[in-house]
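Hi,

Here is the structure I promised to pass on. Have a look at it first, and then read on for what turned up when I went through it.

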Amino acid sequence: MVRCGIAPGKTGNVQPQDDTMCLSAVDMSSVVPAEDDDDNIASSPFQPISGVVLDHSYLATCFGCLTENALVYIAGFVVRQVMRKLACNVCRNSLVVSTIPSFGCNYHLLTLRNNGGLVIPSEGTVKVIRSAEHCIRRASNINSAAHQCPVSLLNRVVKAEVGSEDIFGLCDHIVDTQDGIDNHHFNLISLVVCTFHKLRQHQVAKVHTLQLQSKSLRKKLCKVVLLQGY
């Protein structure tokens, strides 16, 4: 009832017994940013999002083993794409590790598929992608490609969750590259999030297309139609 939002209709023989309302969830993709008091001043990217912070999430706080292994495997591909846009050697080295962690139970799929040419993402990279995936699942409707979490909102939420924690192990490099509120730490997060978001959008669009084509008999029985009469 909570998921479907069942409510009595205006017509018919259904009448509510009381004024009790079910818990409601705020769709992150429809959250309207608050207007600034000052004119022509953009809101801070680190400003808390009321629609996300105040509303309770009923999704699991952690993914299953299969999802975690898939995220680590995808993180390697994301790192490979991000490397093409990075010129800083310190930042490039912070995205990868030389060997798979011995305690990493989420690296089984990567170990199985790796023949020496795959990129091994660092724990900080995996943490950013895990946070982005959780945000996408919380905000998006997989059945509708038109209602997806925008990359700007996704970037803000991930930065708010990660914060200033040195997940990439940049240490003094963060202070050395500080330019106002920006530094290489937040730039890395933005690059990883944007690349992962683009990858997930392609996957969502593909699933949506397959769902639309599932009702087409021509698509299902293509060979039968073409080879009819032979």
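Before the first finding, a word on terms: a patch here is made of residues with over 30% relative accessible area and no salt bridge, and nonpolar side chains are joined into one when they lie within 5 Å. Please also keep in mind that this is a predicted model.

With that in hand, the surface feature to look at is a nonpolar patch of about 340 Å², made by Tyr 73, Leu 109, Leu 112 and Leu 118. Tyr 73 belongs to helix H2, which covers residues 65-83. Its relative accessibility is 31%, so Tyr 73 counts as partly exposed.

Now the overall picture. The protein chain has ten helices and zero strands, so from the N terminus on its elements read α-α-α-α-α-α-α-α-α-α. Of its 230 residues, 31% are buried. The accessible surface comes to about 15700 Å², with 57% of that belonging to carbon and sulfur atoms. As for how the chain comes together, take the contacts between residues at least 6 apart in sequence: 69% of these join residues at least 24 apart.

Two helices deserve a closer look, H2 and H8.

H2 has 19 residues, which at 1.5 Å a residue should span 27 Å; the C-alpha atoms at its ends are 27 Å apart, in agreement with that. Its buried residues include Leu 71, Val 72, Val 78, Val 79 and Val 82, along with the polar Glu 68, Asn 69 and Gln 81. What do the buried residues of H2 pack against? The partners are H3, helix H4 (108-113), H5 and H8.

H8 (residues 184-213) has 30 residues and an expected span of 44 Å, and its end C-alpha atoms are indeed 44 Å apart. At the N-terminal end, Asn 183 acts as a cap: one of its side-chain oxygens lies 3.0 Å from the backbone nitrogen of His 185. Among the buried residues of H8 are His 185, Phe 186, Leu 188, Ile 189, Phe 196, Arg 200 and Val 204. The cover over the buried residues of H8 includes H2, helix H3 (89-94), helix H5 (123-139), helix H6 (151-162) and helix H7 (172-176).

One residue on the H6 side of that cover is Asn 155, which is found in helix H6. Asn 155 has a relative accessible area of 13% and is therefore buried. Leaving out residues up to four places away in sequence, Asn 155 touches Ile 189, Ser 190 and Val 193, and these three are listed among the buried residues of H8.

Next, the charged pairs. How many salt bridges does the structure hold? There are four. In one of them, the side chains of Arg 130 and Glu 68 meet at 3.1 Å, N to O. That pair links distant parts of the chain, with Arg 130 in helix H5 and Glu 68 in helix H2, 62 residues apart. Glu 68 counts as buried because its relative accessibility is 7%.

Glu 133 is the one I would turn to next. Which residues are linked with Glu 133 in a network of salt bridges? They are Arg 137 and Arg 200. On one side, Arg 137 and Glu 133 have their closest N and O atoms 2.7 Å apart. Those two are four residues apart in helix H5, so about one helical turn separates them. On the other side, the closest N and O atoms of Glu 133 and Arg 200 are 2.8 Å apart. Glu 133 lies in helix H5 and Arg 200 in helix H8, so this pair ties together parts that are 67 residues apart in sequence.

Are the members of this network buried or exposed? Glu 133 and Arg 200 are both buried, and for Glu 133 the relative accessibility is 3%. Arg 137, with a relative accessible area of 43%, is partly exposed.

Last, a backbone detail. Most residues other than glycine have a negative phi. Cys 171 is not a glycine, yet has a positive phi of about 55 degrees. Cys 171 sits in the loop between H6 and H7, and at 51% relative accessibility counts as exposed.

Best wishes

Key. Residues numbered from 1 in each chain as written. Predicted model: local features only at pLDDT ≥ 70, side-chain atom pairs only at ≥ 80, totals over all residues. Heavy atoms only, no water. Patch = residues over 30% accessible without salt bridge, like charges linked within 9 Å, V, L, I, M, F, W, Y side chains within 5 Å. Areas by Shrake-Rupley, 256 points an atom, 1.4 Å probe, with all protein chains shown as cover. Buried < 20%, exposed > 50% of the residue type's maximum accessible area, 1.4 Å probe, protein only. Expected span 1.5 Å × (residues − 1). Contact = heavy atoms within 4.5 Å. Polar contact = N/O pair within 3.5 Å; in protein donor to acceptor, adjacent residues only side chain to side chain.
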